[in-house]
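Hi there,

Here is the structure I promised to pass on. Have a look at it first, and then read on for what turned up.

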Amino acid sequence: MAVPKSDLVPYVNTWLWPSMTLLGASSVWFGVYVGKVTNSHEWKELFLDYCHHKRTSYSPNPLDKVARMVLNALRISPK
């Protein structure tokens, strides 16, 4: 029967650095989402504008056409 060596550690701490990495990554993503790290709101607006442009210019459906006509009428109407 093998005798356990006394220089080996019976327990290795394997949860600290993965949990710190997860905490750090989550903090960075939350900072980006809130807008403290980068100007994420500007990227959201650019993305929404791009998606709206693609949706309306390449696959217009009848409801989009009606909504565009109503918005154009509201735009030129006196306030």
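Let me begin with helix α1, which has 19 residues and reaches 27 Å from its first C-alpha to its last, close to the 27 Å expected at 1.5 Å a residue. Right after α1 comes glycine 35, whose phi is positive, near 100°.

Please keep in mind that this is a predicted model. The mean pLDDT of the chain is 79, with 81% of the residues at 70 or more. Confidence is highest in helix α1 (residues 16-34), at a mean of 89, and lowest in helix α2 (residues 40-58), at 75. A general caution applies here: where pLDDT is low, the predicted coordinates should not be read in detail.

As for the overall layout, the chain holds 3 helices and 0 strands, so the order of elements from the N terminus is α-α-α. How many of the 79 residues count as buried? The share is 5%. The chain exposes about 7700 Å², and 71% of that area is supplied by carbon and sulfur atoms.

Between α1 and α2 there is a loop, and threonine 38 lies in it. Is threonine 38 buried or exposed? Threonine 38 is partly exposed, because its relative accessible area is 36%, and partly exposed covers what falls between the buried limit of under 20% and the exposed limit of over 50%. Looking back along the chain, threonine 38 is 10 residues from valine 28 in sequence, and the two are 10.0 Å apart in space, C-alpha to C-alpha.

The last thing to show you is on the surface. Which residues make the nonpolar patch there? Val66, Val70, Leu71 and Leu74 do, and the patch measures about 360 Å². One of them, leucine 71, is found in helix α3 (residues 62-76). Leucine 71 counts as exposed because its relative accessibility is 51%, and the cut-off for exposed is over 50%. On helices in general, there are 3.6 residues a turn in an α-helix, so residues three or four places apart point the same way.

Do write back once you have had a look.

Best wishes

Note on methods. Residues are numbered from 1 along each chain as its sequence is written. This is a predicted model: local features need pLDDT of at least 70, side-chain atom pairs count only at pLDDT 80 or more; totals for chains, interfaces and linings use all residues. Side-chain values use heavy atoms; hydrogens and water are left out. pLDDT is the predictor's confidence in each residue, from 0 to 100. Helices (H or I, at least four residues) and strands (E, at least two) are DSSP runs, numbered from the N terminus. Patches are made of residues with over 30% relative accessible area and no salt bridge: like charges are joined within 9 Å, nonpolar side chains (Val, Leu, Ile, Met, Phe, Trp, Tyr) within 5 Å. Accessible areas come from the Shrake-Rupley method with a 1.4 Å probe; for residues, only the protein chains shown count as cover. A salt bridge is a side-chain nitrogen of Lys or Arg within 4 Å of a carboxyl oxygen of Asp or Glu. Buried means under 20% relative accessible area, exposed over 50%, partly exposed in between (1.4 Å probe, protein chains only). The expected span of a helix is 1.5 Å times one less than its number of residues.
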